[in-house]
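Please look through the structure shown below before reading on. The paragraphs after it are intended for a reader who meets this structure for the first time.

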Amino acid sequence: MLALQILVDGFAISTLYALGAIGFSLIFGVSGVLNLSHGGIMVAAAVAAWFIAGPLGAGQYLGALGGVSIGVVVALVTYGVVVRPIQRSRAIPRDETEIFVLTGTLLWGIMIQEAIAYFFSDSPITVRPLIGGVVDIAGVRTPANEILTAVICWISIGLLWLLVNRTAVGKRLLAASINPRGLTLLGFELSSVYLMVWVIYGVLAAIAGVLLATFLGTSSNNIGVLTASAFSIVVLGGLGSVSGSLIAAYIIGYLETATAYLLTPTLRTIPSLLLLVLVVYVRPQGLLGRR
Amino acid sequence: MRILSALVVLLALATLPFWVSGYILGVLTIAYFFGVFAMSWDLLFGFAGEVNFGPTFLIGLGAYSAGLLDNHGVPVWLCVIAGAVAAVFGGLILAVPALRLRGPYFGLITLVAVLVLQQVIVIFAGVTGGEIGLTINDVLSLDPGYNYWLALGFLLISGIVLTLFSRSAAGLILQASGQDPIEAQVLGFNVVKHKLAAFAISALFSGLAGAMLVFYLGTASVDTVVDISVGVQIIIAAVLGGRRTIFGAVIGALFLIIAGEILRPLGQLSTFVVSAVALGVILFFPDGLVGYLLRRGERA
């Protein structure tokens, strides 16, 4: 019974983790950027969805849609205002770009956090579930919204897979991640590829943010933790490997859920943090990473 | 010339307790300890090239070791030394992965180190005071002027030691091994030894400053010495002042703490403004305030 409970609950959480982390991984793979304002984008989308659905009274569907659009906008602003200027700056030495992007996005994440706390609130918000009701899965009472969350996540992941592997745009993304120089030599504009990847990233992160808010609730104080969890999943799976991130998300999600149910909820994150340290020690490239 | 003007500024700072209020002295005292944090971070990041997101791991170890010992009746100076020893030990623990991992991977380990320390403190709340914090019964001194001088003197000594180290041959080797470890090794330098030394020195000053800060504040809490946001502030201070300058970190820390106090009426927005300014500096003056001035001085 307990095992089944862990199986069902862990699945929904892990799927959400996976969706949040995949965009993070994609953007590193294609453009070499580790975006430490990731949690900020997720929470911005969630708060927008909450605000449009609740105080503005537009209902949860429009709210979710609006939230995702706002998330994409914030992601594009992140790219346009923070990442791109750093990448193009002449004053920053080439081998230090990575560190500047890390620091810059970190600051940007704090700015998003403070802006949300100031203009809205820093107390936890919950977006109204997209559908109500409870479904009985072999004796485990599961909110229908939890199932819908997992379904939406997997549909998004499936669409991403199709996009990357079956379309011309996706082939360009892949090519950029393997050899950006080669792609430009073939006459493709690298900056439009990067713009594309940020849009895709924005959609993924925003969906994850909105769903997280319908499912667990969120607040601007969660931004740091959300970024850290995406970062650790992606490193555990191997930087730049999308399938690695998927596997890692399930490992971390289930480990956390099992710890919360079997030991105590306060210890929730400890085993996954220790696992992370262990894996990075033994296998720095992560589960499926390339060196 | 430069030394003379530095001396004048130093003398002026030393006379402050005679003519400014206790409030200003209090702000500056904290800013000085913060300056030491930022300088220690700059040694690891600017010179050794290690992306360290967890300066508060070392600071927190020093602060909590000192605080816990004090609660068991150990004399203050012994607590401070013990805090420094604990931090150096922590620094060496961090150095082990740093020797194997590069860039973001090491950054993640440092982030995790802070999170684990924070969780441990919260879980063992019975001993550590948990999220509320640990009350410290002893103080460095009751006189704000004396506390101020202590902090200023400590900042001065740390600054001199760290600057001398960074400009010594060892500092240059450190810089080389940060930028290209393989080439540095090929040239016959012992990269491992220098990196270990950098971690030990950085941790020593972080731990000392953390332990002294705890006795100044009268409390050790997760929010003041361990939380990631504190680490972020330290990183901002060092980058703002100018990385790879040591001295710049102090200027950055002073700017950050004083700006935070001045912007206090803005309430929650003050952090936003400070972060925005820091982001602007990174985008437009990536060498930081001091780095920018040094460059201009060279060109003129």
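What follows concerns a predicted model, and it turns from the interface to the pocket and cavities and then to a single residue.

The interface between chain A and chain B is a suitable place to begin. The size of an interface is often given as the accessible area lost when the parts come together. Here chain A and chain B bury about 3,700 Å² between them, and 79% of that area is on carbon and sulfur atoms. On the side of chain A, A:Leu107, A:Met111 and A:Tyr281 lose the most area to chain B, and together they account for 17% of what that side buries. In terms of residues in contact, chain A contributes 44 and chain B contributes 36.

The next matter is the kind of interaction found across this interface. The rule for salt bridges finds zero between chain A and chain B. The rule for polar contacts likewise finds zero residue pairs across the interface, where both residues must have pLDDT 80 or more to be counted. Several helices form the side of chain A that touches chain B: α3 (60-88), α4 (97-119), α9 (223-237) and α11 (270-282) of chain A each give two or more residues to it. Of the elements on this side, α4(A) gives the most, with 15 residues. Sorted by class, the side of chain A that touches chain B comprises 33 nonpolar, seven polar and four charged residues.

From the interface, the account moves to the open and enclosed spaces. Rolling a probe the size of a water molecule over the atoms shows where empty space is left. The second largest pocket has a volume of about 1,200 Å³. It is lined by 31 residues, of which B:Arg2, B:Ala6, B:Thr163, B:Arg167 and B:Phe247 are the closest to its centre. Two or more lining residues come from each of α1 (2-19), α2 (22-47), α7 (144-167), α13 (247-262) and α15 (288-299) of chain B. By class, the lining of this second largest pocket holds 21 nonpolar, six polar and four charged residues.

How many cavities of 30 Å³ or more does the rule count? The count comes to three. The largest cavity holds about 90 Å³ of space. Among the residues that line the largest cavity are A:Leu16, A:Tyr17, A:His38, A:Met42, A:Ser229 and A:Ile233. Helices α1 (2-31), α2 (38-53) and α9 of chain A each supply at least two residues of this lining. The lining of the largest cavity divides into eight nonpolar, three polar and no charged residues.

The second largest cavity holds about 50 Å³ of space, and residues of chain A and chain B line it. From chain A come A:Ile99, A:Leu102 and A:Thr103, and from chain B come B:Trp41, B:Phe45, B:Val51, B:Phe53 and B:Ile235. Helix α4 of chain A and helix α2 of chain B each supply at least two residues of the lining. Again α4(A) gives the most, here with three residues. The classes in this lining are seven nonpolar, one polar and no charged residues.

Helix α4 of chain A also contains A:Gln113, the last residue considered here. When residues up to four places away in sequence are left aside, A:Gln113 touches A:Ser220, A:Asn221 and A:Ile223. A polar atom of the side chain of A:Gln113 lies 3.5 Å from the backbone oxygen of A:Ser220.

Notes. Residues are numbered from 1 along each chain as its sequence is written. Chains are lettered from A and ligands numbered from 1 in the order in which they are written. This is a predicted model: local features need pLDDT of at least 70, side-chain atom pairs count only at pLDDT 80 or more; totals for chains, interfaces and linings use all residues. Side-chain values use heavy atoms; hydrogens and water are left out. Contact means heavy atoms within 4.5 Å. Buried area is the accessible area (1.4 Å probe) that two parts lose on being put together, summed over both. A salt bridge is a side-chain nitrogen of Lys or Arg within 4 Å of a carboxyl oxygen of Asp or Glu. A polar contact is a pair of N or O atoms within 3.5 Å; within protein, one must be able to donate a hydrogen and the other to accept it, and residues adjacent in sequence count only if both atoms are side-chain atoms. Helices (H or I, at least four residues) and strands (E, at least two) are DSSP runs, numbered from the N terminus. Ala, Val, Leu, Ile, Met, Phe, Trp, Tyr, Cys and Pro count as nonpolar, Asp, Glu, Lys and Arg as charged, and the others, Gly among them, as polar. On a 1 Å grid over the protein atoms alone, a cavity is a set of points where a 1.4 Å probe fits but cannot get out, and a pocket is an open set with protein on both sides within 12 Å along at least five of seven lines; lining residues have an atom within 4 Å of a point. Grid points are joined across faces, edges and corners, and a volume is the space filled by probe spheres set on the points.
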